[in-house]
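Here is a short tour for anyone who likes to know how a chain holds itself together before going to the bench. Keep the structure open beside the text and follow along.

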Amino acid sequence: MNIDFMILDFIQKHMRCEMLDAVMPVITALGNGGIIWIAMTAILLCFPKTRRLGAGMAVSLALEAVLCNVILKPLAARTRPFDIRTEIVLLIARPHDYSFPSGHTGAAFAAAAALYFGKSRGWIPAGILAVLMGFSRLYLYVHYPTDVLGGALLGIITGWMSVRFLEKADCLRGERKC
């Protein structure tokens, strides 16, 4: 955990500024409850041309949410960094769940990965937002770097799995060659 705190403390000491203090809570808020990714999924599901991408994102987000929030967080039961370094003044409300993995980062990468593996160029802006969201969790001192890394890996895996699952389902229905 030493390297985790070294990185967090480096960010606090060398990157904190008024502008980022205003921007990072907004970026993090976009991921609260996965709202931006759910909204994007709903929009994609509305149009026949993008329905498949929306389905991939929906499966990916659901799978990531279950693995992250129902299984991994309670299993790891990791204390958040601000609960150890109590002198840190938070810029957002204190999260009350466990730290590992980062659900904000996991959902962001799940959405971006579903778009990437679904062969949509939409993965680029989604990927940029996912990286920013992961960084915001570090900047705001609510996650360790390993939480963010774990969330990113979980998201990428669930994004890949969701697209492969939908491809297999199409194959079984005879809509695609296996």
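The report below goes through the core, the salt bridges, one helix pair and one buried methionine.

**The nonpolar core**

Please keep in mind that this is a predicted model. Its largest nonpolar core has 35 residues, and Trp37 and Tyr141 are the ones with the most contacts inside it. Two or more core residues come from each of these elements: helix H1 (2-14), helix H2 (18-30), helix H3 (35-46), helix H4 (51-76), helix H6 (103-117), helix H7 (123-139) and helix H8 (145-172). H6 gives the largest share, eight residues.

Tyr141 is a good place to zoom in. Setting aside its neighbours within four places in sequence, Tyr141 is in contact with Phe5, Leu8, Asp9, Gln12, Pro81, Phe82, Arg85, Ile88 and Leu90. Two names in that list, Asp9 and Arg85, come back in the next section, where their side chains meet each other in a salt bridge.

**Salt bridges**

The structure holds eight salt bridges. Three of them are set out here, each with its N to O distance and the relative accessible area of both partners.

| Salt bridge | N to O distance | Relative accessible area |
|---|---|---|
| Arg85 and Asp9 | 2.4 Å | Arg85 25%, Asp9 29% |
| Asp21 and Arg16 | 2.8 Å | Asp21 24%, Arg16 28% |
| Glu167 and Arg164 | 3.0 Å | Glu167 22%, Arg164 27% |

What does the salt bridge between Arg85 and Asp9 tie together? Arg85 lies in the loop between helix H5 (81-84) and H6, while Asp9 is in helix H1, so the pair links parts that are 76 residues apart in sequence. Arg85 counts as partly exposed, and Asp9 is partly exposed as well.

The bridge of Glu167 with Arg164 has another setting: these two residues are three apart in helix H8, which means about one helical turn separates them. Glu167 is partly exposed at 22%, and Arg164 is partly exposed at 27%. As for the remaining pair in the table, Asp21 is partly exposed, and so is its partner Arg16.

There is also a network to look for: salt bridges link Asp4, Arg78 and Asp147.

**How H3 and H4 pack**

Two packed helices are described by the angle between their axes and the distance between the axes. For H3 and H4, the axes come within 7 Å and cross at roughly 150 degrees. Their crossing is left-handed. On the H3 side, the contact is made by Trp37, Ile38, Met40, Thr41, Leu44, Leu45 and Cys46. On the H4 side, Arg51, Leu53, Gly54, Ala55, Met57, Ala58 and Leu61 take part. Sorted by class, this contact has eleven nonpolar, two polar and one charged residues. Trp37, part of this contact, was met earlier as one of the core residues with the most contacts.

**A look at Met24**

Is Met24, a residue of helix H2, buried or exposed? Met24 counts as buried because its relative accessibility is 4%, and the cut-off for buried is under 20%. Apart from its neighbours within four places in sequence, Met24 is in contact with Phe135, Ser136, Tyr139 and Leu140. Val66 makes a handy landmark for distance: 42 residues separate Met24 and Val66 along the chain, and their C-alpha atoms are 26 Å apart.

Definitions and conventions. Residues numbered from 1 in each chain as written. Predicted model: local features only at pLDDT ≥ 70, side-chain atom pairs only at ≥ 80, totals over all residues. Heavy atoms only, no water. Core = buried A, V, L, I, M, F, W, Y, C linked by side-chain atoms within 4.5 Å. Buried < 20%, exposed > 50% of the residue type's maximum accessible area, 1.4 Å probe, protein only. Helix = DSSP H or I, 4+ residues; strand = E, 2+ residues; numbered from the N terminus. Contact = heavy atoms within 4.5 Å. Salt bridge = Lys/Arg side-chain N within 4 Å of Asp/Glu carboxyl O. Axes fitted to C-alpha atoms, helices over the stretch in contact; angles between N-to-C directions. Left-handed = near helix turned anticlockwise from the far one by under 90°. Nonpolar A, V, L, I, M, F, W, Y, C, P; charged D, E, K, R; others polar.
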